[in-house]
Amino acid sequence: MEATVSFRGRGSGIEECSWASVAPASLQTAHPWRTFRWYRNQKHYSGTYWSATMGDHVIYESRLELSRLLFADFDPSVRAIVAQPFLLQTVLGPV
């Protein structure tokens, strides 16, 4: 079973490669894969968080994701935080 990863690189379109061969540096500079929208009475709480680690806003889609983002931002061993940087796909055979 081969998995493929798709991501939006800086200044270019969508890039796609196998999961086994993707370079971690490519994912660290990727733009978020999903677009986050706000609307009245939505069931989840998406937003942006100013990250000291990144020196920029990082998006989140839920309170759980925000809590993990806070842990990462205060961890001195974390060097970069990227919000949902890729789409991972594979084809499953018959069960």
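How many aromatic pairs does a search of the whole structure find? Just 1 turns up. Before we look at it, keep in mind that this is a predicted model, where local features need pLDDT of at least 70, side-chain atom pairs count only at pLDDT 80 or more, and totals for chains, interfaces and linings use all residues. Residues are numbered from 1 along each chain as its sequence is written, and side-chain values use heavy atoms, with hydrogens and water left out.

The pair is W19 with F86, and it is tilted, at 5.3 Å centre to centre and 50° between the planes. (Rings of Phe, Tyr and Trp, the last by its six-membered ring, pair if their centres lie within 6.5 Å; planes under 30 degrees apart are stacked, over 60 edge-to-face, the rest tilted.) W19 sits in the loop between strand 2 (14-18) and helix 1 (24-28), while F86 is in the loop between helix 2 (63-74) and strand 5 (87-90), 67 residues apart. Helices (H or I, at least four residues) and strands (E, at least two) are DSSP runs, numbered from the N terminus. W19 counts as partly exposed because its relative accessibility is 39%, and F86 is partly exposed too, at 29%. (Buried is under 20% relative accessible area, exposed over 50%, partly exposed in between, with a 1.4 Å probe and protein chains only.)

Now for the sheet. It is open, with 3 strands in the order 2-1-5 and antiparallel pairing; strands pair if DSSP finds at least two bridges between them. Strand 2 and strand 5 are the edges, each pairing on one side only. Strand 1 (residues 3-8) is joined to strand 5 by 4 bridges, and V5 has L88 in strand 5 as its bridge partner.
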